[in-house]
Amino acid sequence: MNNPLLSYQYCTVKVASQFPEQAMLTIEAAPAASDPTQGPTGEAGEVMLVREGSERRLAVSLGKPEKINPETLRQAGSSVVRWLAKNQVEQARMAMAGLIKLAGIDGAAAFIEGACLGAFRFNRYKKPKDQPAVSPALYLAAGEQAAALAQKASEIETICAATNLARDWAHEPANVINPVSLAERVQQLFEGSPVSVTVIDDRQLAEMKAGAILAVGQGSRTPARLIILSYPGQGRRTGEAPVVLVGKTITFDSGGYSLKSVEGIVGMKYDKGGGMAVIAALQAAASLQLSHPLVGVIAAAENMISDKSYRPDDILTTLSGKTVEIVSTDAEGRLVLADALTYAQKEFHPKALIDLATLTGGAIVALGYVRAPILSNNDALTQALTSASEATHERLWRLPLDEEYSKLLQGDDGDIKNSGGREASTIQGGVFLKEFIEESTPWAHLDIAGMAMVPKEMPYSPKGATGFGVRLLVRYLQSLE
Ligand code: BES
Ligand code: MN
Ligand code: ZN
């Protein structure tokens, strides 16, 4: 990979039938044994270095044999590469036959997935303190199964590289990524790929009368952009209805005149996580040559304070023609999404419309850092996304969209208002967006406020941006093949 936009640190995985010649650290994975002399006894992911003469082996526990599952295997893969990176080990090798026998090719694949995700670091702006940062390479010998595993591993590497791209870009601060610089970055990223990029700038948005996304961006010196990514699908006839993914991409959310608190504003560079997941999903879909046509809509704006900013009490006319009365300039995500969703339906008549957004703090209140709320007008789409999410362990949980909740957003002087107070705030986000969805459009909204950005390191994700949604979207798209 020579693309400078992909130059972040993570682990590489090479599968072969045998190891290359060099002497390296050897890794063994084994279920926890009840007898300490017989092997590891710890939790899944616990590692132990064993020295025998000049030989060094790293033993990693897969946890209790009856509890081994794809998630414990991801965690084990991650702990291994984290240990390697921390201990400056550049190369290590691991015989996979035992793991494949124990957990199958899919289990081995989960281990590799954890390895590819676990070593990600965002260290572009950090001087290496005492030692240089290392991106470990894992050599896996899979014997007879090498071909099957190598094929899987390359697919996993593609998807995890995309996830790591989403993490990397989400981590970039707002003085580096803003709506304008993001549009340029996206154009560069997809140069020479089957994904075409169209950037709709603020002048064109004004002509279109996309008054909501424009208002959110108008307080910033870098105004709003609607970025359209279009992947025709490998070998498909044109004209087939695409799946459309829409991403909230607030490059910084100050709250605007409804200013956030000193504590609440920190981390708001991550408010672009939905958009980064969409960009990454398009990248993975194109690299995997998926057959289904796919469109990404990136609704990018920076929510800032200036004499040009929008205010509470402003009444905006959205692209749909509906008017929105502003109660809080901090409920900006739903505004950029309203125009993006309208545009997506008018332009593409999607077969399924899925938006990802770090929309409400209420998502964290409701489900913490374990699951993301999904709100939808369509049971089949909810089911398909939920089962993809269980497979990748980016778990979702459905919240309702009952009529009664819509009353909270009835406007005084406009058609609707953008916030109706504290109660059921995640659902309010959903019912607001639903106002812009045609009845015939299967639509789902994923509120990833909790899952896209985490306050502490997770088993195979760094503190900060997790890349949540990328693997789940790719899995969903693969299920349509
Ligand atoms: N970007 C925030 C939501 C958020 C909060 C994400 C914390 C991650 C962590 C969003 O724009 C926002 O400010 N939402 C408000 C909505 C309210 C004003 C109706 C919220 O959730 O408080
Ligand atoms: Mn906000
Ligand atoms: Zn926001």
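**Figure 1. His349 sits out in the open.** In this predicted model, His349 is exposed, because its relative accessible area is 58% and anything over 50% counts that way. Where does His349 belong? Look in the loop between α8 and β13 (352-357). The backbone here has a twist to it: His349 is not a glycine, yet its phi is positive, at about 40 degrees. For background, most residues other than glycine have a negative phi.

**Figure 2. Lys209 has a positive phi as well.** This close-up moves to the loop between α5 (202-208) and α6 (211-217), which is the place of Lys209. Lys209 is a residue other than glycine, and its phi is positive, near 70 degrees. Is Lys209 buried or exposed? With a relative accessible area of 61%, Lys209 is exposed, since the cut-off for that word is over 50%.

**Figure 3. Helix α8 meets helix α12.** Here you can follow helix α8 (residues 333-348) alongside helix α12 (residues 425-434). Their axes come within 10 Å and cross at roughly 30 degrees. That makes α8 and α12 roughly parallel to each other, because angles under 35 degrees get that label. As for handedness, α8 passes α12 in a right-handed crossing. Which residues make the contact? From α8 come Arg334, Leu335, Leu337, Ala338 and Leu341, while α12 brings Ser425, Gln428, Gly429, Phe432 and Leu433. Sort the residues of this contact of α8 with α12 by type and you get 6 nonpolar, 3 polar and 1 charged.

**Figure 4. Helix α7 packs against helix α13.** Now switch to helix α7 (residues 273-287) and helix α13 (residues 470-479), whose axes are 9 Å apart. The two helices pack at an angle of about 45 degrees, so α7 is oblique to α13. The crossing of α7 past α13 is right-handed. On the α7 side, look for Ala277, Ala280, Ala281, Ala284 and Ala285; on the α13 side, they meet Val470, Leu473, Val474 and Leu477. How many nonpolar, polar and charged residues are there in the contact of α7 with α13? The split is 9 nonpolar, no polar and no charged.

**Figure 5. Leu58 is tucked away in a strand.** Zoom in on strand β4 (residues 55-61), and you'll find Leu58 there. Leu58 counts as buried because its relative accessibility is 0%, and the limit for being buried is under 20%. Who are the neighbours? Leaving out residues up to four places away in sequence, Leu58 touches Leu25, Thr26, Ile27, Glu28, Val47, Met48, Leu49, Trp83 and Leu84. Try one more pair while you're here: Leu58 and Val80 are 22 residues apart along the chain, and their C-alpha atoms are separated by 8.2 Å.

**Figure 6. Three strands line up in an open sheet.** This sheet has 3 strands in the order β11-β12-β16, with mixed pairing. Which strands stand at the edges? Those are β11 (315-317) and β16 (416-417). Each of these has a single partner strand, so one side of each is left without a neighbour in the sheet. Strand β12 (residues 323-325) and β16 run parallel and are joined by 2 bridges. To find your bearings in this view, pick out Glu325, which stands opposite Lys417 in β16.

Methods. Residues numbered from 1 in each chain as written. Chains lettered and ligands numbered in written order. Predicted model: local features only at pLDDT ≥ 70, side-chain atom pairs only at ≥ 80, totals over all residues. Heavy atoms only, no water. Axes fitted to C-alpha atoms, helices over the stretch in contact; angles between N-to-C directions. Helix = DSSP H or I, 4+ residues; strand = E, 2+ residues; numbered from the N terminus. Parallel < 35°, antiparallel > 145°, perpendicular 65-115°, else oblique. Left-handed = near helix turned anticlockwise from the far one by under 90°. Contact = heavy atoms within 4.5 Å. Nonpolar A, V, L, I, M, F, W, Y, C, P; charged D, E, K, R; others polar. Buried < 20%, exposed > 50% of the residue type's maximum accessible area, 1.4 Å probe, protein only. Pairing = 2+ DSSP bridges.
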